[in-house]
Amino acid sequence: MYSALSKTIDQLQIENISEERIKILQPLVDFVQQKTDDKQDININFICTHNSRRSHLSQIWARVASAHFNIPNVNCYSGGTEETALFPKVAETLIYQGFSIFKIAESNNPVYAIKYEDNALPVIGFSKKYDNPFNPVSAFAAIMTCSQADGGCPFIAGAEKRIPITFEDPKVSDNTPEQSQVYVERSLQIATEMFYVFSKISQ
């Protein structure tokens with residue numbers, strides 16, 4: 001891990017997660033543990049309406065958490081019920097927290113390479129529908145990261161399991177003086193909860 005990212009990880013306090021959130025996270029723990037026990041690939045697709053903020057943060061932090069705890073065969077994806085673009089403040093926040101990020105394609109929907117260590121494959125970040133060919137078509141857990149997508153998408157084709165783990169949208173802070181702080185806090189919340197999930201996996 002990059003040293004700046006390791007410092008961010010050292011700040012995470014998984015012991016402070018509420019009992020209510022632990023209950024919400026437990027189905028994902030169970031899914032990952034079952035796949036680990038069966039020595040199967042662990043495919044997780046984080047889904048939100050626009051695939052622009054929370055689903056990307058969840059995908060990236062889940063990938064880092066699985067690497068941190070040396071859980072093998074974890075593949076993390078993200079998608080939306082519609083395609084927009086990865087919101088620039090998300091990339092800015094992740095850079096601030098220690099990731100290395102660079103654009104590999106410029107467009108209205110840019111493609112980013114998001115690295116957490118020099119020799120690991122980067123997470124490829126761009127907005128896409130959840131059923132985009134980039135994502136798995138079967139044997140995956142669909143993690144609904146916003147209530148709008150959870151309610152508006154009653155059926156996710158190919159999903160082995162559907163698990164709502166919703167987060168408050170940092171978009172509420174856009175164009176306010178609190179924006180940077182809110183994005184950092186939401187990223188840290190998601191990081192903490194993903195680290196909790198993978199800390200519970202026994203091999």
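## Cysteines

Cys76 counts as buried, at 11% relative accessibility. This is a predicted model, and a search through the whole of it turns up 0 disulfides. Cys76 itself is in no disulfide, since the nearest cysteine sulfur belongs to Cys48 and sits 16 Å away. With a disulfide needing its two sulfur atoms within 2.5 Å, that 16 Å separation rules the pair out.

Cys146 is another buried cysteine, with a relative accessibility of 2%. Cys146 will come up again below, as one of the contacts of Arg54.

## Helix 3 against helix 6

Two packed helices are described by the angle between their axes and the distance between the axes. What are those values for helix 3 and helix 6? The axes come within 8 Å and cross at roughly 40°, with helix 3 spanning residues 54–68 and helix 6 spanning residues 179–199. The two helices are therefore oblique to each other. As for handedness, their crossing is right-handed.

Which residues make the contact? Helix 3 brings in Arg54, Leu57, Ser58, Trp61, Ala62, Val64, Ala65, Ser66 and His68. From helix 6 come Ser187, Ile190, Ala191, Met194, Phe195 and Phe198. Sorted by character, the contact residues split into 10 nonpolar, 4 polar and 1 charged.

## Arg54

Arg54 is found in helix 3 and is among the residues that meet helix 6. Is this arginine buried or exposed? At 10% relative accessibility, Arg54 counts as buried, because the cut-off for buried is under 20%.

Setting aside neighbours within four places in sequence, Arg54 is in contact with Cys48, Thr145, Cys146, Phe167, Glu168, Asp169, Pro170 and Ile190. Ile190 is one of the helix 6 residues listed for the packing of the two helices. Two of the cysteines mentioned earlier, Cys48 and Cys146, also touch Arg54.

## Gln97

Gln97 is in the loop between helix 4 (88–96) and strand 3 (100–105). Despite that loop position, Gln97 is buried, with a relative accessible area of 3%.

What does Gln97 touch, apart from residues up to four places away in sequence? The list is Ala4, Leu5, Thr8, Trp61, Val184, Ser187 and Leu188. Among them, Trp61 and Ser187 also take part in the contact of helix 3 with helix 6. Leu188 is 91 residues from Gln97 in sequence, while their C-alpha atoms are 9.1 Å apart in space.

## Lys35 and Lys39

Lys35 lies in helix 2 (residues 19–37) and is buried, with a relative accessible area of 7%. Beyond residues up to four places away in sequence, Lys35 touches Gln40, Asp41, Ile42 and Glu160. Phe46 is 11 residues from Lys35 in sequence, with 17 Å between the two C-alpha atoms.

Lys39 belongs to the loop between helix 2 and strand 1 (42–48). Lys39 counts as exposed, at 73% relative accessibility, whereas Lys35 is buried. The backbone of Lys39 also deserves a look: phi is positive, at about 55°, although the residue is not a glycine.

## Asn175

Where is Asn175? This residue is in the loop between strand 7 (159–164) and helix 6. Asn175 has a positive phi near 65°, again in a residue other than glycine. With 78% relative accessibility, Asn175 counts as exposed.

Notes. Residues are numbered from 1 along each chain as its sequence is written. This is a predicted model: local features need pLDDT of at least 70, side-chain atom pairs count only at pLDDT 80 or more; totals for chains, interfaces and linings use all residues. Side-chain values use heavy atoms; hydrogens and water are left out. Buried means under 20% relative accessible area, exposed over 50%, partly exposed in between (1.4 Å probe, protein chains only). Axes are lines fitted to C-alpha atoms, for helices over the stretch in contact, and angles run from 0 to 180 degrees between N-to-C directions. Helices (H or I, at least four residues) and strands (E, at least two) are DSSP runs, numbered from the N terminus. Angles under 35 degrees count as roughly parallel, over 145 as roughly antiparallel, 65 to 115 as roughly perpendicular and the rest as oblique. A crossing is left-handed if the near helix is turned anticlockwise from the far one by less than a right angle, and right-handed if clockwise. Contact means heavy atoms within 4.5 Å. Ala, Val, Leu, Ile, Met, Phe, Trp, Tyr, Cys and Pro count as nonpolar, Asp, Glu, Lys and Arg as charged, and the others, Gly among them, as polar.
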